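Visitor: Hey, got a minute to go through this one with me? I'd like to start with the charges and then wander a bit.

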Amino acid sequence: MSNRYIEQLAPTGVLRAGINMSNFLLVNSKTTAGEPAGVSPDMAKAIAAKLGVGLTLIPYDGPGDVADGAVKNEWDIANIAAEAERAKTITFSPAYCEIQATYLLPANTAITCVEDVDKVGIRIAVKERAAYDLWLTDNLVNATLVRTASMDESYNVFKQQSLEALAGLRPRLLEDASKLIGSRLLDDSFTAIQQSIGCLPGNKDAAAFLSEFVKESISTGFVAKLIAKHGVTGKLTVSSTVAP
């Protein structure tokens, strides 16, 4: 392995990988040692193995905290959703998988598609600084976002305050819908959250390495195998946006 990759990705001799613990599809269990386990940690392990260095997983409560870690130099790579605002301080690889984001609606709503949600008077519960919150912030014109600190709180606010919609990842919203009689998910999605691997800006060799790693991981079926291994088939989808 070229020294220039290791110098940029693991300057201390150990790859520090920032892990978003709030994404229950990418981190859905723990090892016997109590470390995060799932598709995201396994991607980090594979990168460290390819570099021939040790690995330290650095858990964060949410994606906003992971993004903040970039400016604090707390990690060397970060497994996090690619988003335009975050790209100001993080250089992202192509996406290796994606998750649909849509709305959960209460009973007896007149809303039938995502376009119907962006209307005056529509209030949407959303987890602050999630990738879909950032997308909605940039794209909604008329609806009002009601931000909360967690996905659980978003659901509670949606229910208790009788909001018109709850934004989130489709697999999580399916769970929420099962708890709320009469509620339903929209069939269409307002965006697909692209899960990528980030590195610090200016590390061009590191960015090139991660890009090639993602492309190879998709083409060899490694990402698909991880999705199956961790039981999230049908919830996570291998990205189809990476050019061969």
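Visitor: So how far apart are the mean positions of the positive and negative charges of the chain?

Guide: They are 3 Å apart, taken over 23 positive and 27 negative charges. Keep in mind that this is a predicted model.

Visitor: Okay, and how many salt bridges does a search of the whole structure find?

Guide: The search turns up 14 of them. One is between K50 and E216, with the closest N and O atoms 3.8 Å apart. K50 sits in helix α2 (residues 39-51) and E216 in helix α8 (residues 204-219), so this pair ties together parts that are 166 residues apart in sequence.

Visitor: Are those two side chains buried, exposed or partly exposed?

Guide: K50 is partly exposed, at 35% relative accessibility. E216 also counts as partly exposed, with a relative accessible area of 41%.

Visitor: What about R123, what does its side chain meet in a salt bridge?

Guide: That would be E164, at 3.0 Å from N to O. This pair links distant parts of the chain too: R123 is in strand β8 (residues 123-127), while E164 is in the loop between α6 (151-160) and β10 (165-169), 41 residues away in sequence. R123 has 30% relative accessibility, so it counts as partly exposed. E164 is partly exposed as well, at 21%; the cut-off for buried is under 20%.

Visitor: And which residue does K179 form a salt bridge with?

Guide: With D176, where the closest N and O atoms are 3.4 Å apart. Salt bridges with shared partners join D152, R172, D176 and K179 into one network. K179 is partly exposed at 48% relative accessible area, whereas D176 is buried at 2%.

Visitor: Now a buried arginine: how far is R86 from the nearest side chain of opposite charge?

Guide: The nearest one is E83, 5.0 Å away. R86 is buried and has no salt bridge. The cut-off for a salt bridge is within 4 Å, N to carboxyl O, so a distance of 5.0 Å falls outside it.

Visitor: Where does R86 lie, and what does it touch?

Guide: R86 is in the loop between β5 (77-81) and β6 (91-92). Leaving out residues up to four places away in sequence, R86 touches P63, A67, I80, A81, F92, R129, A130, A131 and L134.

Visitor: P63 and A67 are in α3, right? Which residues of that helix are buried?

Guide: In α3 (residues 63-71), the buried ones are P63, G64, V66, A67, G69 and A70. Their cover includes β1 (14-20), β4 (54-60), β5 and β8.

Visitor: What follows α3?

Guide: N73 does, with a positive phi near 55°, in a residue other than glycine. N73 lies in the loop between α3 and β5 and is partly exposed, with a relative accessible area of 44%.

Visitor: What's the phi of N108?

Guide: It is positive, about 65°, although N108 is not a glycine. N108 is in the loop between β7 (97-105) and α4 (114-117). With 82% relative accessibility, N108 counts as exposed.

Visitor: Changing topic: how many helices and strands does the chain have?

Guide: There are nine helices and 13 strands. Among contacts between residues at least 6 apart in sequence, 70% join residues at least 24 apart.

Visitor: How does the radius of gyration sit with a compact globule?

Guide: It agrees: for 244 residues a compact globule would come out near 18 Å, and the chain has 19 Å. The C-alpha atoms fill a box of roughly 60 × 35 × 35 Å along the principal axes.

Visitor: What share of the residues is buried, and how much accessible surface is there?

Guide: Buried residues are 51% of the 244. The accessible surface is about 11,000 Å², with 51% of that area belonging to carbon and sulfur atoms.

Visitor: Last one: how far apart are E175 and A33 in space?

Guide: They are 29 Å apart, C-alpha to C-alpha, and 142 residues apart in sequence. E175 is in helix α7 (residues 170-177) and is partly exposed at 41% relative accessibility.

How values were computed
Residues are numbered from 1 along each chain as its sequence is written. This is a predicted model: local features need pLDDT of at least 70, side-chain atom pairs count only at pLDDT 80 or more; totals for chains, interfaces and linings use all residues. Side-chain values use heavy atoms; hydrogens and water are left out. Helices (H or I, at least four residues) and strands (E, at least two) are DSSP runs, numbered from the N terminus. The radius of gyration is taken over C-alpha atoms; the globule rule is 2.2 Å times the number of residues to the power 0.38. Buried means under 20% relative accessible area, exposed over 50%, partly exposed in between (1.4 Å probe, protein chains only). Contact means heavy atoms within 4.5 Å. Accessible areas come from the Shrake-Rupley method with a 1.4 Å probe; for residues, only the protein chains shown count as cover. Lys and Arg count as positive and Asp and Glu as negative; His and the chain ends are not counted. The place of a charge is taken as NZ of Lys, CZ of Arg, CG of Asp or CD of Glu.
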